[in-house]
Amino acid sequence: MFLCCWLVLGALIPLTLSTDPGVKVKLTAKGLEYGRQLGMVSIQEKLKTIQVPDFSGNQRVTPIGKVKYSLTNLKIVDVGLPTSSVALVPGTGVRLSIGKAFIRLHGNWRVKFLRIIKNSGSFDLSVSDLTVGTSIAVESDETGRPAVNTVDCAATVGSANIKFHGGASWLYNLFRKFIDKAIRRALERQICPLVTNAISDLNPQLKTLNVLAKVDKHAEIEYSMVSSPAVTASSLELGLKGEFYNIGKKQEPPFSAAAFNLPPQADSMLYIGLSAFTANSAAFVYSAAGALSLYVTDDMVPPASPFRLNTNTFGVFIPQIAQRFLGLTMKLLVKTVKPPVVTFEPNNTMVKASGTVTAYAIHPNSTLSPLFVLNLVGDTSYVNHSAILPHLHSMDLTVGTSYVGEFQVTTAFEHVSECIQLAKGYPLPAIGKMQLVNTQLQVLKDYMLIGTDVQFNSIHGASRG
């Protein structure tokens, strides 16, 4: 479970031939520790399913002689994992260690001696100082999706203390040490296969990861791995393609991803690096889909603004509009003429866009009369801690076409710029049942870094031992 929680974050899916990722995801020691807490719940539940086999045998006991015995219906009543740790294994994956664990069982005993004497009762078994150590490799399966498997496992049982109740329980106590040893061996044989199965059970969940994630009706994004996970002593890093495509059409953009390296930060559980390539591939896709357009209407202008989208306001600096279309409301169609270009520099995100602004007068019967077309080139930027907000830095407007006669673009047209930057910010999304908390954004050279802790809303009562 703890590996699945984190691999889902990276959405590891099929390998591609690309050399540089558009998105990098780094899991730190802090994040791994949180994953351990979640994972111990799963392992503890698995250990409760141990099926201890019935025991039977013969033992010579002085002065009675040969005694036949059997222990049956062994049921686990409690499991404790007070101490555990997880560490990264460079080049492989992770190492899980469990110590000072205990298991308590209850069962029935039966005995026959002197050929005719039979007796029975119950017993309680306490297994303590149980240790388990296993190394887990993180790899890609034949489809390129993530896969985990057990590299090695060792388990030891420090002691097994059994107490008999009822009947001739005194007789069992005479050869208890022989039974203790047999039970320890049986448990040691079963623990590693159970741990291995618990780890293998993650793979069906990992196989459900999507190759492509639909964003909206225009676009989907591919999160395929471009290389195997890089595991060091302090982090596990995933390189993902992070490329947008038009729905059902894989057209590569006329640019490629550039190499970038995540900084050695470790205060957060998770770090996600989003490159300019990923942002620009989105711009390329939405531009190709004709989706980068926006109608701006008067109800989108803040009520307190003295500037209104109507012919009376525009008629002040373009008299022809007031003369021909007096008292009509207006709307603006803003659209790009080529894909915007996103660049990341330290503490600064720049989006350069070129497009047109077409102004229309709206008649009472809802028909539109074009008034003019302005050509625009603009730069926007701004980054906030929990949302990416557009902020207009500059916009150059020139007259492209006029349907009302000649006019000049004056400072009064700065109000048009105000209308164009009405878009709201985009909050960082939640991922499934995982919520991002304590999130910070940093804009660095060629990529944006998201440092965040996470919280799984569906997991409760995780062991913190």
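Mentor: Let's start with the vocabulary: helices (H or I, at least four residues) and strands (E, at least two) are DSSP runs, numbered from the N terminus. With that in hand, the secondary structure of the protein chain comes to nine helices and 23 strands. This is a predicted model, so local features need pLDDT of at least 70 and side-chain atom pairs count only at pLDDT 80 or more, while totals for chains, interfaces and linings use all residues. Residues are numbered from 1 along each chain as its sequence is written, and side-chain values use heavy atoms, with hydrogens and water left out.

Trainee: What share of the 465 residues counts as buried?

Mentor: Buried means under 20% relative accessible area, exposed means over 50%, and partly exposed is in between (1.4 Å probe, protein chains only). Here, 47% of the 465 residues in the protein chain are buried. Strand β11 (residues 235-240) is mostly covered, with five of its six residues buried.

Trainee: Which strands does β11 pair with?

Mentor: Two strands pair if DSSP finds at least two bridges between them. Strand β1 (residues 23-28) is antiparallel to β11, with six bridges joining them, and Lys-24 sits opposite Gly-239. Strand β10 (residues 230-231) also runs antiparallel to β11, joined by two bridges; there, Ala-230 faces Glu-237. β10 leads into β11 by a hairpin through three residues.

Trainee: Where else can I look at a hairpin?

Mentor: Try β2 and β3, which form one with three residues between them. Strand β2 (residues 55-61) pairs with strand β3 (residues 65-80) in the antiparallel sense over seven bridges, and Arg-60 has Lys-66 as its bridge partner in β3. A general hint for reading strands: in a regular strand the side chains alternate between the two faces of the sheet.

Trainee: What is the strand order in the open sheet of three strands?

Mentor: The order is β8-β9-β12, with antiparallel pairing. β8 (212-214) and β12 (243-246) are the edge strands, each pairing on one side only. For angles, axes are lines fitted to C-alpha atoms, for helices over the stretch in contact, and values run from 0 to 180 degrees between N-to-C directions. From one strand to the next, the twist averages 35°. Three bridges link β8 and strand β9 (residues 219-222) in the antiparallel sense, with Ala-213 opposite Ile-221.

Trainee: Which helix packs on that sheet?

Mentor: Contact means heavy atoms within 4.5 Å. Helix α6 (residues 276-288) packs on the sheet and touches β9 and β12, and its direction makes about 10° with that of β12.

Trainee: Which residues form the nonpolar patch on the surface?

Mentor: Patches take residues with over 30% relative accessible area and no salt bridge, joining like charges within 9 Å and nonpolar side chains (Val, Leu, Ile, Met, Phe, Trp, Tyr) within 5 Å. A salt bridge is a side-chain nitrogen of Lys or Arg within 4 Å of a carboxyl oxygen of Asp or Glu. Accessible areas come from the Shrake-Rupley method with a 1.4 Å probe; for residues, only the protein chains shown count as cover. The patch consists of Leu-114, Ile-116 and Ile-117, with about 300 Å² of accessible area together. Ile-117 is in strand β6 (residues 117-140) and is partly exposed at 33% relative accessible area.

Trainee: What is the phi of Asn-73?

Mentor: Near 55°, a positive value in a residue other than glycine. Asn-73 lies in strand β3 and is partly exposed, with a relative accessible area of 45%.
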